[in-house]
Amino acid sequence: KHGRISQRAFLGQTTNRAGIYLPGDIDFSGTSFDSIPSGWAALSAIPNTGVIQIIAFIGFLEAAVMKDVTGEAEFAGDFRNGAIDFGWDSFDEETKLS
């Protein structure tokens with residue numbers, strides 16, 4: 001789980017530093033997305049209600065969505081819940097090692 005969070009943080013940092021931002025405003029007072037700095041400085045620039053919404057959304061994902069509902073997890077962090085099967089079990093050992 002932490003690897004996915006780190007990957008998203010890296011992509012967000014790289015995207016913003018490249019000058020790519022969401023269009024529009026982050027709040028009703030007219031603060032645009034491109035006026036928010038990168039990195040830790042963004043926490044002080046985002047309105048407090050926005051930070052609370054982000055934390056609440058992450059909490060909701062952790063508590064309700066990102067969990068093994070069916071009990072079929074093959075490894076820690078396996079949240080497929082039987083929905084995605086790439087056919088790995090049908091490969092022979094030689095194919096799995098290549």
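In the loop between H1 and helix H2 (41–45) lies Leu22, a residue of a model that is predicted rather than determined by experiment. With a relative accessibility of 57%, Leu22 is classed as exposed, because the cut-off for that class is over 50%. Eleven residues separate Leu22 from Phe33 along the sequence, and the C-alpha atoms of Leu22 and Phe33 are 6.0 Å apart in space.

The helix that precedes this loop, H1, covers residues 2–17. Its 16 residues extend 22 Å from the first C-alpha to the last, which is close to the 22 Å expected at 1.5 Å a residue. Phe10 belongs to helix H1, and since its relative accessibility is 57%, Phe10 also falls in the exposed class, for which a value over 50% is required. Between Phe10 and Asp78, which are 68 residues apart in sequence, the C-alpha to C-alpha distance is 22 Å. After H1 comes Gly19, a residue with a positive phi, near 90 degrees.

With regard to the chain as a whole, the secondary structure consists of four helices and zero strands, and the order of elements along the sequence is α-α-α-α. The radius of gyration of the chain is 19 Å, whereas the globule rule gives 13 Å for 98 residues; the computed value is well over that figure, and the chain is therefore more spread out than a compact globule. The C-alpha trace spans about 55 × 30 × 20 Å along its principal axes. Of the 98 residues in the chain, 7% are buried, where burial requires a relative accessible area under 20%. When contacts between residues at least 6 apart in sequence are considered, 16% of them join residues at least 24 apart. The area exposed by the chain amounts to about 8000 Å², of which 63% is supplied by carbon and sulfur atoms.

A nonpolar patch on the surface is formed by Phe57, Phe60 and Val65, with an area of about 300 Å². Of these residues, Phe57 is located in helix H3, the helix that spans residues 48–65. In an α-helix there are 3.6 residues a turn, so residues three or four places apart point the same way.

Beyond helix H3, the loop that leads to helix H4 (93–97) contains Ser90. The relative accessibility of Ser90 is 62%, and Ser90 is accordingly counted as exposed. Ser90 is separated from Gly19 by 71 residues in sequence and, from C-alpha to C-alpha, by 44 Å in space; Gly19 is the residue with positive phi that follows H1. Within helix H4 itself is Leu97, which at 75% relative accessibility is likewise assigned to the exposed class. The C-alpha atoms of Leu97 and Asn48, residues that stand 49 positions apart in sequence, are 49 Å apart in space.

Conventions: Residues numbered from 1 in each chain as written. Predicted model: local features only at pLDDT ≥ 70, side-chain atom pairs only at ≥ 80, totals over all residues. Heavy atoms only, no water. Helix = DSSP H or I, 4+ residues; strand = E, 2+ residues; numbered from the N terminus. Buried < 20%, exposed > 50% of the residue type's maximum accessible area, 1.4 Å probe, protein only. Patch = residues over 30% accessible without salt bridge, like charges linked within 9 Å, V, L, I, M, F, W, Y side chains within 5 Å. Areas by Shrake-Rupley, 256 points an atom, 1.4 Å probe, with all protein chains shown as cover. Salt bridge = Lys/Arg side-chain N within 4 Å of Asp/Glu carboxyl O. Expected span 1.5 Å × (residues − 1). Rg over C-alpha atoms; globule rule 2.2 N^0.38 Å. Contact = heavy atoms within 4.5 Å.
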